[in-house]
Amino acid sequence: MQVVTAEPDLRAALADARRGGHSVEFVPTMGAFHEGHLSLVRRARRAGGLLVVSVFVNPTQFGSGEDFETYPRDLEADIDHAEREKVDLVFAPTTEQMYPEGRARTTVQAGRLGEILEGEHRPGHFAGVATVCAELFNLVQPDRVYLGQKDAQQLAVLRHMVADLKFPLEIVACPTVREPDGLAMSSRNVRLDAGQRRAAPVLSRALHEMARLVQEGESDVAALLRRGRELIARQPAVRLQYLEIVDPQDFTSLDRVAGEALAVVAAHVGPVRLIDNVFVGTA
Ligand code: AMP
């Protein structure tokens, strides 16, 4: 396995693979690997080809007052994991390489999808995500990019970017990996103390309860949200930011569940902001 930070080294490795007739499979990450990341890597491995994983904590997708400084980082452990998973190449650029002037002069805006829900609570976040992914996609030139359903709105933003800007690649969505108690795996979970960690699974419990009610015939979104909020309110350590049921394509809010629907949640638990989502639709 190669670990490269410099762009010429990356380009040379990619050119070798291309000459050998291999496809390029790409998993972009911010590191501090957990089983969620590894599930993407394993899915990408199954495709064959050159498996590239990037590790870059992108400063431009964090707002001021967010957790860029305290975001978990452990490149050594990530490299060990990658080696075990038979990754071919880890691309770990420095911030100076990616953003010599602190930010990109040219940015990719995510449109309306970038301004609602996560975008409303994290202004500029999706422009940061879309811009860094455009850069990474141009550097790596992958055939396929593997992304987690855990970050459902990010997945939709990047699907739109790839379609709108004609990136010649396919996006492969991978299911959310959860802890045994249902908590969606996240690099940020390590920052929860024991009490917060016990409280946090209420988010996935509420989402799954809403899915269950839909299966039982409830289609009124107001009633579903009432039940979800009631459950979350029982955990005072969990401060709900939003709970909504949306159309999974464009993330507009729904009044009734009839067909595809996604329940999305964001909450602060101690020092950490957690997000999660579950399909609750009838389709
Ligand atoms: P991150 O390092 O948090 O930027 O995540 C890198 C990739 O891993 C993104 O495509 C995420 O959606 C995905 N991911 C993060 N957590 C999970 C999870 N629990 N299950 C599946 N994919 C995940």
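I take buried to mean under 20% relative accessible area, exposed to mean over 50%, and partly exposed to mean in between, with a 1.4 Å probe and protein chains only. Helices (H or I, at least four residues) and strands (E, at least two) are DSSP runs that I number from the N terminus.

**Ground rules.** I am reading a predicted model, in which local features need pLDDT of at least 70 and side-chain atom pairs count only at pLDDT 80 or more, while totals for chains, interfaces and linings use all residues. Residues are numbered from 1 along each chain as its sequence is written, and side-chain values use heavy atoms, with hydrogens and water left out.

**Confidence.** I looked up pLDDT, the predictor's confidence in each residue from 0 to 100, and found a mean of 97 for the protein, with 100% of its residues at 70 or more. Confidence is lowest in helix α1 (residues 7-19), at a mean of 95, and highest in β5, at 99.

**Strand β2.** I began with β2 (residues 24-29) and noted that six of its six residues are buried. In a regular strand the side chains alternate between the two faces of the sheet. In β2 I find V24, F26 and P28 on one side and E25, V27 and T29 on the other, and these are all buried, so that both faces are covered.

**Partners of β2.** I count two strands as paired if DSSP finds at least two bridges between them. β2 pairs with strand β3 (residues 50-55) in the parallel sense over six bridges, and V24 has L50 as its bridge partner in β3. β2 also pairs with strand β5 (residues 144-148), again in the parallel sense, over two bridges, and here F26 is matched with V145.

**Onward from β5.** I then followed β5 to β6, and these run parallel with five bridges joining them; the partner of V145 in β6 is I171. Between these strands the chain passes through helix α7 (residues 152-164), making a right-handed β-α-β crossover. I call a crossover right-handed if, with the strands pointing away from the viewer, the path from the first strand over the helix to the second runs clockwise.

**Helix α2.** Another right-handed β-α-β unit is made by β2, helix α2 (residues 35-46) and β3. I checked the length of α2 against the expected span, which is 1.5 Å times one less than the number of residues: its twelve residues should span 16 Å, and its end C-alpha atoms are 16 Å apart, which agrees. G36, H37, L38, L40, V41 and A44 are buried in α2. With contact taken as heavy atoms within 4.5 Å, the buried residues of α2 pack against β2, β3, α3 (75-84), β5 and β6 (170-174). Just after α2, G48 takes a positive phi of about 75°.

**Cores.** A nonpolar core, as I use the term, is a set of buried Ala, Val, Leu, Ile, Met, Phe, Trp, Tyr and Cys residues joined through side-chain atoms within 4.5 Å. The largest has 47 residues, and those with the most contacts inside it are L10, V52, F137, V140, M161 and F251. Helix α6 (residues 125-140) gives the largest share of this core, ten residues. Another core lies apart from it, with 30 residues, among them L192, V202, I232 and V257. Not counting residues up to four places away in sequence, L10 touches V4, L89, F91, L139 and V140.

**Two buried residues.** What does S54 contact, leaving aside its neighbours within four places in sequence? S54 is in strand β3, is buried with a relative accessible area of 0%, and is in contact with F26, V27, P28, T29, F91 and L136. A200, in the loop between α8 (194-199) and α9 (202-215), is also buried, with a relative accessible area of 0%. Beyond residues up to four places away in sequence, A200 touches L183, L192 and L274. A200 and D181 are 19 residues apart in sequence and 9.6 Å apart in space, C-alpha to C-alpha.

**Positive phi outside glycine.** L117 has a phi near 50°, a positive value in a residue other than glycine, and sits in the loop between α4 (95-98) and α5 (118-121). Is L117 buried or exposed? L117 is buried, with a relative accessible area of 11%. Q141, in the loop between α6 and β5, has a positive phi of about 50° although it is not a glycine, and at 49% relative accessibility Q141 counts as partly exposed.
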